[in-house]
Amino acid sequence: MPERVEERGPEQGEEHGRERRGLLRAFGLAEVYNPSMVPTLRPGDQLVVQYAAVVRPGDVVVLRHPFRQDLLIVKRAVERRGGGWWVQGDNPFVENDSREFGVVPDELVVARAWVRVRPPRDVQRSLSGALSWVVSAVRPVRADRSLSRRLRAR
């Protein structure tokens, strides 16, 4: 099953206007549909992403699939290699990443993930249940340096 991410962000004209003003950075939302980033991200998770952000090894990024550029995917940027990024999913059982399609050119990297919001699985019936969900559901998506080193060693 091909991986897919639904992206909701600024229109091109709006993004261009923001660049001209230099006041705001372009942010958007992406929804994860496939399990390639489990356990970090699960299907149904929402990501707050920043377009045209600087990418560092270990960052979670949204990119265009090199063979199907109409398809957006979410991967971890492992390391820079010859004009692009070697990207891998956190789920070792899904190989829809650089192990399959090689290095991803820089121009195909669309955005960097900042925050993951996990939707509630069940309706929260109590205040303590709702607070528990908020604490566990909204998390920054940070570059996991130890994971990045572990992936490079493979």
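Here's a quick tour of this structure, from its overall build to its cores, salt bridges and backbone oddities. Keep in mind that it's a predicted model. The protein chain has 154 residues, and 44% of them are buried. Its secondary structure adds up to four helices and nine strands.

**Overall build**

- Going along the sequence, you'll meet helices and strands in the order β-α-β-β-β-β-β-α-β-β-α-β-α.
- Take the contacts in the protein chain with a separation of 6 or more: 56% of them come from residues 24 or more positions apart.
- On the outside, the chain exposes about 9000 Å², with carbon and sulfur atoms supplying 53% of that area.

**Nonpolar cores**

- The largest nonpolar core is made of 16 residues. Leu 41, Leu 47, Val 49, Val 60, Val 62 and Val 74 are the ones with the most contacts inside this core.
- S2, S3, S4, S5 and S8 are the elements that each give two or more residues to this core.
- There's another core apart from that one, with twelve residues, and Leu 63, Ile 73, Val 87 and Leu 108 are among them.
- For a look at one core residue's surroundings, try Val 49. Leaving aside residues up to four places away in sequence, Val 49 touches a run of residues that includes Phe 27, Gly 28 and Leu 29, and also Val 62, Arg 112 and Trp 114.

**Salt bridges**

- As a bit of background, side chains of opposite charge can pair when their charged atoms come close.
- The count here is seven salt bridges, and three of them are worth a visit below.
- Arg 112 pairs with Asp 59, and their closest N and O atoms are 3.5 Å apart. Arg 112 sits in strand S8 (residues 109-117) while Asp 59 is in the loop between strand S3 (46-51) and strand S4 (60-64), so this salt bridge ties together parts that are 53 residues apart in sequence.
- Why do Arg 112 and Asp 59 count as buried? The cut-off is under 20% relative accessible area; Arg 112 has 10%, and Asp 59 has 7%.
- Asp 90 forms a salt bridge with Arg 76, with 2.7 Å between the closest N and O atoms. This pair also links distant parts of the chain, 14 residues apart: Asp 90 is in the loop between strand S6 (84-88) and helix H2 (98-101), and Arg 76 is in strand S5 (residues 72-81). Both Asp 90 and Arg 76 are buried.
- Arg 81 pairs with Glu 79, and here the closest N and O atoms are 2.6 Å apart. Arg 81 is partly exposed, at a relative accessible area of 33%.

**Backbone oddities**

- Most residues other than glycine have a negative phi, and most peptide bonds are trans. The next two spots go against that pattern.
- Where should you look for a cis peptide bond? Check the link between Val 38 and Pro 39, where omega is about 15°. Pro 39 lies in the loop between strand S2 (27-32) and S3.
- Ala 52 isn't a glycine, yet its phi is positive, at about 55°. You'll find Ala 52 in the loop between S3 and S4.
- Is Ala 52 buried or exposed? It's exposed, with a relative accessible area of 70%.

Key:
Residues are numbered from 1 along each chain as its sequence is written. This is a predicted model: local features need pLDDT of at least 70, side-chain atom pairs count only at pLDDT 80 or more; totals for chains, interfaces and linings use all residues. Side-chain values use heavy atoms; hydrogens and water are left out. A salt bridge is a side-chain nitrogen of Lys or Arg within 4 Å of a carboxyl oxygen of Asp or Glu. Buried means under 20% relative accessible area, exposed over 50%, partly exposed in between (1.4 Å probe, protein chains only). Contact means heavy atoms within 4.5 Å. Accessible areas come from the Shrake-Rupley method with a 1.4 Å probe; for residues, only the protein chains shown count as cover. A nonpolar core is a set of buried Ala, Val, Leu, Ile, Met, Phe, Trp, Tyr and Cys residues joined through side-chain atoms within 4.5 Å.
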